[in-house]
Amino acid sequence: MYRILGAIAVALPLGLLPAAALAGETPAPEGAKVYIIQPKDGATVKSPVTVLFGLEGMGVAPAGVAKDKTGHHHLLIDTEMTGEALNEPIPSDDHHRHFGGGQTEATIDLPPGKHTLQLIMGDANHIPHTPPVMSDKVTITVE
C-alpha cells in the first residue's frame with residue numbers, strides 16, 4: 001500500500017499519471033466568470049487582433065502552479081469544447097492557444113473572414129475546471 005502511495009506521490013508532480021486520473025478534479029470557484037473584453041461580439045477588425053481577457057471570482061496562476069481558486073487562460077479560435085473534451089487537457093494548436101504564463105491578453109494573426117473566439121480557464125494541468133469556466137463566444141470579422 002505504501003509503495004503505491006509513494007509511486008503516486010512521485011508521479012503526480014512529474015505529470016506521469018494518465019490524464020483521466022487528473023480530469024475534472026479542480027473545482028471552479030462559485031460564481032467565477034471569464035469573458036472577452038475586446039474585441040466585442042460582431043466587431044470588424046484588422047489582423048493582428050488584440051484580445052483582452054476578463055476574469056471575475058478567481059485568480060490567474062501560471063500553468064503548473066496548483067493554487068486554490070486559480071487557473072490560466074486558453075483561447076479557442078474557430079472551435080468549441082464540449083462533452084468529454086472538458087475532462088481532458090486542452091490541446092495546444094492553432095485552434096487552442098495556451099497562456100500558461102498567466103497572460104491576460106494576446107495578439108493573434110487571423111486570416112480575413114468570420115471567426116469565433118472563446119475563453120476557457122484551465123487548471124495547473126491545462127484541464128478545464130469543474131464546472132468549466134468558459135466565456136460566451138464572440139464572433140468577429142477580420143478585414
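## Helices, strands and the model

Helices (H or I, at least four residues) and strands (E, at least two) are DSSP runs, numbered from the N terminus. By this rule the protein chain contains two helices and nine strands. Their pattern along the sequence is α-α-β-β-β-β-β-β-β-β-β. One loop between such elements runs from α2 (19-22) to β1, and Pro29 lies in it.

The model is predicted. Its average pLDDT is 87, and 83% of the residues score at least 70. Over residues 1-23 the pLDDT is below 50, and this stretch has twelve contacts in the model beyond near neighbours in sequence.

## The chain as a whole

The protein chain has 143 residues, and 34% of them are buried. Its accessible surface is about 8000 Å², with 56% of that area belonging to carbon and sulfur atoms. When contacts between residues at least 6 apart in sequence are taken together, 67% of them join residues at least 24 apart. Pairs of this kind appear in several of the sections below.

## The sheet of β1, β3 and β7

Strands β1, β3 and β7 form an open sheet in the order β1-β3-β7, with antiparallel pairing. β1 (33-38) and β7 (105-108) are the edge strands, each pairing on one side only. From one strand to the next, the twist averages 25 degrees. Strands of a sheet pair through backbone hydrogen bonds, in either a parallel or an antiparallel sense. Between β1 and strand β3 (residues 49-56) there are five bridges in the antiparallel sense. Ile36 has Phe53 in β3 as its bridge partner.

Ile108 belongs to strand β7. Is Ile108 buried or exposed? Ile108 has a relative accessible area of 3%, and the limit for a buried residue is under 20%, so Ile108 counts as buried. Apart from residues up to four places away in sequence, Ile108 touches Ser47, Pro48, Val49, Val51, Leu75, Ile77, Arg97 and Leu117. Val51, one of these, is 57 residues from Ile108 along the chain, yet the two C-alpha atoms are separated by 7.8 Å.

## Strand β9 and its partners

β9 pairs with β8 in the antiparallel sense, through five bridges. Thr116 has Thr139 in β9 as its bridge partner. Strand β2 (residues 44-45) also pairs with β9, here in the parallel sense and over two bridges. Val45 stands opposite Val142 in β9.

In a regular strand the side chains alternate between the two faces of the sheet. The covered face of β9 consists of Val138, Ile140 and Val142, and the uncovered face consists of Thr139 and Thr141. Val142, opposite Val45, is thus listed on the covered face, while Thr139, the bridge partner of Thr116, is listed on the uncovered face.

## The loop between β8 and β9

Two residues in the loop between β8 (113-122) and β9 (138-142) can be looked at in turn. Ile127 is in this loop and is buried, at 1% relative accessibility. Glu25 is 102 residues from Ile127 along the chain, and their C-alpha atoms are separated by 8.7 Å.

His129 is in the loop between β8 (113-122) and β9 (138-142) as well. With a relative accessible area of 2%, His129 is buried. A polar atom of the His129 side chain lies 3.0 Å from the backbone oxygen of Thr70. Which residues does His129 touch, not counting residues up to four places away in sequence? They are Thr26, Pro27, Ala28, Met58, Thr70, Gly71, Met121, Gly122 and Asp123.

## Pro29, ahead of β1

Pro29, in the loop between α2 and β1, is buried, with a relative accessible area of 11%. Neighbours within four places in sequence aside, Pro29 is in contact with Gly57, Met58 and Lys69. Met58 is also among the residues that His129 touches. Pro29 and Asp68 are 39 residues apart in sequence, and the distance between their C-alpha atoms is 8.6 Å.

## His96 in β6

His96 is in strand β6 (residues 96-99). At 10% relative accessibility, His96 is buried. The side chains of His96 and Asp93 make a polar contact at 2.8 Å. Beyond residues up to four places away in sequence, His96 touches Leu75, Leu76, Thr79, Met81, Ile90 and Pro91. Leu75 is also one of the residues that Ile108 of β7 touches.

Note on methods:
Residues are numbered from 1 along each chain as its sequence is written. This is a predicted model: local features need pLDDT of at least 70, side-chain atom pairs count only at pLDDT 80 or more; totals for chains, interfaces and linings use all residues. Side-chain values use heavy atoms; hydrogens and water are left out. Buried means under 20% relative accessible area, exposed over 50%, partly exposed in between (1.4 Å probe, protein chains only). Contact means heavy atoms within 4.5 Å. Accessible areas come from the Shrake-Rupley method with a 1.4 Å probe; for residues, only the protein chains shown count as cover. pLDDT is the predictor's confidence in each residue, from 0 to 100. A polar contact is a pair of N or O atoms within 3.5 Å; within protein, one must be able to donate a hydrogen and the other to accept it, and residues adjacent in sequence count only if both atoms are side-chain atoms. Two strands pair if DSSP finds at least two bridges between them. Axes are lines fitted to C-alpha atoms, for helices over the stretch in contact, and angles run from 0 to 180 degrees between N-to-C directions.
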